[in-house]
Amino acid sequence: MDNKNKIIISWVNDYSDYLYNWALYKSSNKEVAEDLVQDTFVIATNSFEKFEGKSSPKTWLVSILNNLIYEHYRKKAKHKNKIDLDISDLFKENGHWDVGEMPSGDFESESLLDDSNFQKVLADCLSKLPDKWNAVIKLKYMTDQKADEICKDLNITKTNYWQMVHRAKIHLRKCVEQNYFNKNK
Amino acid sequence: MKLMISCLKATELVEKDSLFGLSLIELFELRIHNYICKGCKLYETQSKYIDEMLIKKFSYNSLDYNIHQDEIIKNITNEKLKEKILNKL
């Protein structure tokens, strides 16, 4: 067995779990997470020569994984989708909030906002969004890319992008309010 | 410029601001609306908080945030996955 193989095998044993948990955290899906980790090691094996030991193996593997995660969401965001995320159930014809839809709750007193619980609720609510909107929202936060660049990358207009983010956020916020803030009352 | 924009428009402007920024007029319209409308003011606060939380979770830099807590990132051992990978090497 050559040296390269030995090293990669040791990486699998040492870092596979870490990478899996990271991918699971970012994708909220076991199958997707497993595929992403497998692909990470395939890429690492094929571009092993490029790893010059400048960073730690873990850092290098995580960066490969992050790129794969980004690509995963980019594909989903670009997916041609006939269904549109509707917000007409939240607003009246005149643009006012529909009955019972107006944001409420004493946000300021939530000073002890529990980040980790909030993240759980947020993850659940994200998973309720249709795939495409779920991906569009996540892409926004993943990189340092400016919104203009993301539009070009996804091949959509600024208005289109903005509308998608708006619709996703409207639903996300509502779900979070219902499941997090109202619970604490 | 409308004196009073709708709530729907106000929420749209909040999101537009986070992506592309707003023109002076749009900013003015939003500020006036949110000064008067409690619901939309709350929408803005909550939307920004959600943004912060999403950045923490999805930004490539999230290694910088100390999020390696058991409740958020799990510590699962996946032996089957390891076997799968090793078998394909």
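Leaving out neighbours within four places in sequence, A:Leu19 touches A:Val37, A:Thr40, A:Leu61, A:Val62 and A:Leu65. That's a handy way into this predicted model, since A:Leu19 also sits among the best-connected members of the largest nonpolar core, a set of 46 residues. A:Ala23, A:Val37, A:Leu61, A:Leu65, A:Val136 and A:Ala168 are the others that touch the most fellow members.

Who supplies this core? Chain A puts in two or more residues from each of α1 (3-27), α2 (30-46), α3 (57-78), α4 (115-128), α5 (131-142) and α7, and chain B does likewise with its α3 and α4. Both domains of chain A take part, with at least three residues each from domain 1 (3-78) and domain 2 (107-184). There's also a second, separate core of eleven residues, including A:Trp97, B:Leu13, B:Cys37 and B:Cys40. As a rule of thumb, nonpolar side chains in soluble globular proteins tend to be buried together.

**Inside chain A**

Back to those two domains: their C-alpha centres lie 25 Å apart. The contact between them uses seven residues of domain 1 and twelve of domain 2. On the domain 1 side, that's three nonpolar, one polar and three charged.

Two loop residues of chain A deserve a look for their backbone angles. A:Ser28 isn't a glycine, yet its phi is positive at about 55°; you'll find A:Ser28 in the loop between α1 and α2. A:Asn155, also not a glycine, has a positive phi near 60° and belongs to the loop between α6 (147-154) and α7. Buried or exposed, where does A:Asn155 fall? It counts as exposed, because there are just 8 C-beta neighbours inside 10 Å. A:Ser28 has 14 other C-beta atoms within 10 Å, so it comes out as partly exposed.

**Where the chains meet**

The contact between the chains takes 48 residues from chain A and 39 from chain B. On the chain B side, the elements giving two or more residues are α1 (7-20), α3 (38-58) and α4 (79-88). Which of them gives the most? That's α3(B), with twelve residues. By type, the chain B side splits into 19 nonpolar, eleven polar and nine charged residues.

Here's how the two helices of chain B compare with their expected spans:

| Helix | Residues | End-to-end C-alpha distance | Expected span |
|---|---|---|---|
| α1(B) | 14 | 20 Å | 20 Å |
| α3(B) | 21 | 30 Å | 30 Å |

In α1(B), the buried residues are B:Cys7, B:Leu8, B:Ala10, B:Thr11, B:Glu12, B:Leu13, B:Val14, B:Glu15 and B:Lys16. What covers them includes α7 (158-181) of chain A, plus α2 (24-36) and α3 of chain B. Just past the end of α1(B), B:Gly21 has a positive phi of about 85°. The buried set in α3(B) is B:Cys40, B:Leu42, B:Tyr43, B:Glu44, B:Gln46, B:Ser47, B:Leu54, B:Lys57 and B:Phe58.

**How far to trust it**

For the complex, the predictor gives an ipTM of 0.83 and a pTM of 0.82. Chain B has an average pLDDT of 85, with 83% of its residues scoring at least 70. The stretch to watch is residues 64-70 of chain B, where pLDDT is below 50; beyond near neighbours in sequence, it has eight contacts in the model. Where pLDDT is low, the predicted coordinates shouldn't be read in detail.

Notes. Residues numbered from 1 in each chain as written. Chains lettered and ligands numbered in written order. Predicted model: local features only at pLDDT ≥ 70, side-chain atom pairs only at ≥ 80, totals over all residues. pLDDT = per-residue confidence, 0-100. Contact = placed C-beta atoms within 7 Å. Helix = DSSP H or I, 4+ residues; strand = E, 2+ residues; numbered from the N terminus. Nonpolar A, V, L, I, M, F, W, Y, C, P; charged D, E, K, R; others polar. Domains from an automatic or database assignment. Expected span 1.5 Å × (residues − 1). Buried ≥ 20, exposed ≤ 12 C-beta atoms within 10 Å, placed from the backbone. Core = buried A, V, L, I, M, F, W, Y, C linked by C-beta atoms within 7 Å.
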